[in-house]
Amino acid sequence: MIILKRLLAVFLWPGNAISRALSIDISADGGQVRSLVNGLFWGTLLLILTLIFHG
């Protein structure tokens, strides 16, 4: 269970960091900003890795 909590913390880190930097309470906005940032961050990272290792 500890491993899963740490994986979740790593996965949500980009969105949490931006939310804290913008002083946005995650419970107030329903996590919309966090979800957007996480999607952009992880999507971009996976795209770059795919382009590097596929070609």
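**Helix crossing, loop residues and a nonpolar surface patch**

Leucine 22 is placed in the loop between H1 and H2, in a structure that is a predicted model. With a relative accessible area of 53%, leucine 22 is exposed, because the cut-off for that class is over 50%. Although leucine 22 and valine 33 stand 11 residues apart along the chain, their C-alpha atoms are separated by 9.9 Å. The loop between H1 and helix H2 (26-29) also holds serine 23, a residue that is not a glycine and yet has a positive phi of about 55°. As a general background to that value, most residues other than glycine have a negative phi. Serine 23 likewise counts as exposed, its relative accessibility being 68%.

The arrangement of two of the helices was examined next. Two packed helices are described by the angle between their axes and by the distance between the axes. For helix H1 (residues 2-21) and H3, the axes come within 8 Å and cross at roughly 125°. That angle makes H1 oblique to H3, since it falls neither in the range of 65 to 115 degrees that counts as roughly perpendicular nor over 145, where helices count as roughly antiparallel. The crossing of the two helices, H1 and H3, is right-handed.

Individual residues of these helices add detail to the picture. Glycine 15, a residue of helix H1, is buried, with a relative accessible area of 0%, a value that belongs to the buried class because the cut-off is under 20%. Two residues further along the sequence can be related to glycine 15 by C-alpha distances. Arginine 34, which lies in helix H3, is 19 residues from glycine 15 along the chain, and the C-alpha atoms of the pair are separated by 4.0 Å. Phenylalanine 41 is 26 residues from glycine 15 in sequence and 8.5 Å from it in space, C-alpha to C-alpha. In contrast to the buried glycine 15, arginine 34 counts as partly exposed, at 22% relative accessibility, because partly exposed residues are those between the limits of 20% and 50%.

Elsewhere in helix H1 is isoleucine 3, which is exposed, with a relative accessible area of 64%. Between isoleucine 3 and serine 19, which are 16 residues apart in sequence, the C-alpha to C-alpha distance is 24 Å.

A further feature concerns the surface. Trp13, Phe41, Leu45, Leu46, Ile48, Leu49, Ile52 and Phe53 together make a nonpolar surface patch of about 820 Å². Helix H3 (residues 32-54) supplies the largest share of this nonpolar patch, namely 7 residues. Among the patch residues, Phe41 is the phenylalanine whose C-alpha lies 8.5 Å from that of glycine 15. Phenylalanine 53, another contributor to the patch, is found in helix H3 and is exposed, with a relative accessible area of 67%.

Key:
Residues are numbered from 1 along each chain as its sequence is written. This is a predicted model: local features need pLDDT of at least 70, side-chain atom pairs count only at pLDDT 80 or more; totals for chains, interfaces and linings use all residues. Side-chain values use heavy atoms; hydrogens and water are left out. Patches are made of residues with over 30% relative accessible area and no salt bridge: like charges are joined within 9 Å, nonpolar side chains (Val, Leu, Ile, Met, Phe, Trp, Tyr) within 5 Å. Accessible areas come from the Shrake-Rupley method with a 1.4 Å probe; for residues, only the protein chains shown count as cover. A salt bridge is a side-chain nitrogen of Lys or Arg within 4 Å of a carboxyl oxygen of Asp or Glu. Helices (H or I, at least four residues) and strands (E, at least two) are DSSP runs, numbered from the N terminus. Buried means under 20% relative accessible area, exposed over 50%, partly exposed in between (1.4 Å probe, protein chains only). Axes are lines fitted to C-alpha atoms, for helices over the stretch in contact, and angles run from 0 to 180 degrees between N-to-C directions. Angles under 35 degrees count as roughly parallel, over 145 as roughly antiparallel, 65 to 115 as roughly perpendicular and the rest as oblique. A crossing is left-handed if the near helix is turned anticlockwise from the far one by less than a right angle, and right-handed if clockwise.
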